[in-house]
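Hi,

Here is the structure I promised to hand over. Have a look at it first, and then read on for what turned up in it.

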Amino acid sequence: VTITFSEAVTGLTTADLTVANGTLTGLSSADGGLTWTATLTPDASVTDTSNLVTLDNTGVADLSGNAGTGTTNSNNYAIDTARPTATIVVADTALSVGETSLVTITFSEAVTGFTTADLTVANGTVTGLSSGDGGITWTGTFTPTAGISDTTNLITLNNTGVTDAAGNAGSGTTDSNNYAIDNVRPTATIVVADSTLSAGETSVVTITFSEAVTGFTLADLTAANGVLSGLSTSDNITYTATFTPSVGISDTSNLITLDNTGVTDGAGNAGSGTTNSNNYAVDTQRPTATIVVADTALSVGETSLVTITFSEAVSGFDNSDLTVANGTLSAVSSSDGGITWTATFTPALGVVDTTNVIVLNNAGINDAAG
């Protein structure tokens with residue numbers, strides 16, 4: 001700032017000067033009091049286009065002792081020492097699978113130099129950053145990272161990367177509002193407690209989800225060679241049901257399959273694909289038998305081979321399971337592990353009877369599955 005008098009003066013100090021939005025320092029003259037200079041330092045964080053330095057002329061006198069009168073104003077000067085600031089708003093604060101959110105960054109004034117490199121984005125990325133109003137309001141799209149479950153997330157702006165029209169760089173950092181991400185789909189495990197089921201048996205089935213779910217019903221489950229009933233839960237995470245195998249089945253390879261798309265977690269994420277249980281074997285096929293008496297017309301002194309053939313190997317079979325009309329059987333025996341059994345039938349003496357059968361009580365025998 002240069003103050004030039006019409007003649008050399010004395011008595012001039014900074015107290016004689018009123019400075020709008022700033023201060024003067026270093027007031028001095030190098031030519032005996034005619035020309036004076038000082039340094040104007042504007043106040044911080046000021047935006048004002050109309051400013052003057054005003055001199056109270058009465059504070060100075062020429063060498064003859066004549067004091068000045070009135071005031072003198074400088075030319076106008078504009079001050080912009082306000083650094084740009086910003087707010088960041090993530091529109092959707094609870095993001096689930098497949099969702100994105102609009103992000104709006106609003107500066108206190110138009111800025112340049114702003115790019116996504118100035119943003120630190122928790123658990124995601126911002127793309128498509130642009131401004132439609134000359135650099136004040138900027139928008140982008142936030143896409144969360146897949147497979148994330150995190151309730152505390154922020155987008156942080158490094159303000160030093162942006163500059164206003166006056167060349168003022170921003171300072172420090174600015175955080176967005178918090179946003180939660182849950183784009184983890186619920187998963188499940190299925191355990192059939194009894195993996196070898198025979199006639200009359202049932203099994204507890206436990207379905208355990210990775211998190212609490214809704215919408216889960218028996219319709220979401222496919223049970224091979226049987227039915228499920230009594231689905232229940234106390235916490236929406238662990239469910240139990242009863243599996244009852246179908247009657248008359250012999251199958252060593254069976255699964256219960258869950259259609260995960262039928263369940264939804266608290267964030268609205270549906271499950272994906274299917275989940276299989278452990279394998280279980282079903283043998284609810286009861287053993288059956290045929291009995292053949294080889295000689296169907298027996299006379300005095302004759303005997304007959306009797307063959308009892310079961311549908312599968314059995315145990316627990318002996319003569320007490322057989323009722324023999326008008327005769328006796330020798331002890332039954334098997335040479336093939338319990339499928340085919342033979343004995344000798346000897347008819348009773350002094351009998352004339354055209355209608356005779358050997359009867360097996362099937363309840364006295366068991367197959368390998370019990």
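How many bridges join β4 to strand β5? There are 6 of them, and the two strands run antiparallel, with β5 covering residues 35–42. One pairing to look up is Ser 29, whose bridge partner in β5 is Trp 36.

Before going on, a word on the source: this is a predicted model, where local features need pLDDT of at least 70 and side-chain atom pairs count only at pLDDT 80 or more, while totals for chains, interfaces and linings use all residues. Residues are numbered from 1 along each chain as its sequence is written, and side-chain values use heavy atoms, with hydrogens and water left out.

A few terms, too. Strands (E, at least two residues) and helices (H or I, at least four) are DSSP runs, numbered from the N terminus. Two strands count as paired if DSSP finds at least two bridges between them. In general, strands of a sheet pair through backbone hydrogen bonds, either parallel or antiparallel.

Back to those two strands. They belong to an open sheet of 3 strands in the order β1-β5-β4, with antiparallel pairing. β1 (2–4) and β4 (22–29) are at the edges with a single partner strand each, so one side of each has no neighbour in the sheet. On average, neighbouring strands here are turned by 25° against each other, direction ignored (axes are lines fitted to C-alpha atoms, for helices over the stretch in contact, and angles run from 0 to 180 degrees between N-to-C directions).

Another open sheet of 3 strands has the order β15-β19-β21, again with antiparallel pairing. Its edge strands are β15 (119–121) and β21 (173–175), each pairing on one side only. Here the average turn between neighbouring strands is 20°, direction ignored. Strand β19 (residues 155–158) is joined to β21 by 3 bridges, and Asn 158 stands opposite Thr 173 in β21.

Now for two threonines. Is Thr 18 buried or exposed? Thr 18 counts as exposed because its relative accessibility is 54% (buried is under 20% relative accessible area, exposed over 50%, partly exposed in between, with a 1.4 Å probe and protein chains only). Thr 18 sits in strand β3 (residues 17–19). Beyond its neighbours within four places in sequence, Thr 18 is in contact (heavy atoms within 4.5 Å) with Leu 52, Val 53 and Thr 54.

Thr 13 lies in the loop between β2 (9–10) and β3, and at 38% relative accessibility it counts as partly exposed.

Cheers
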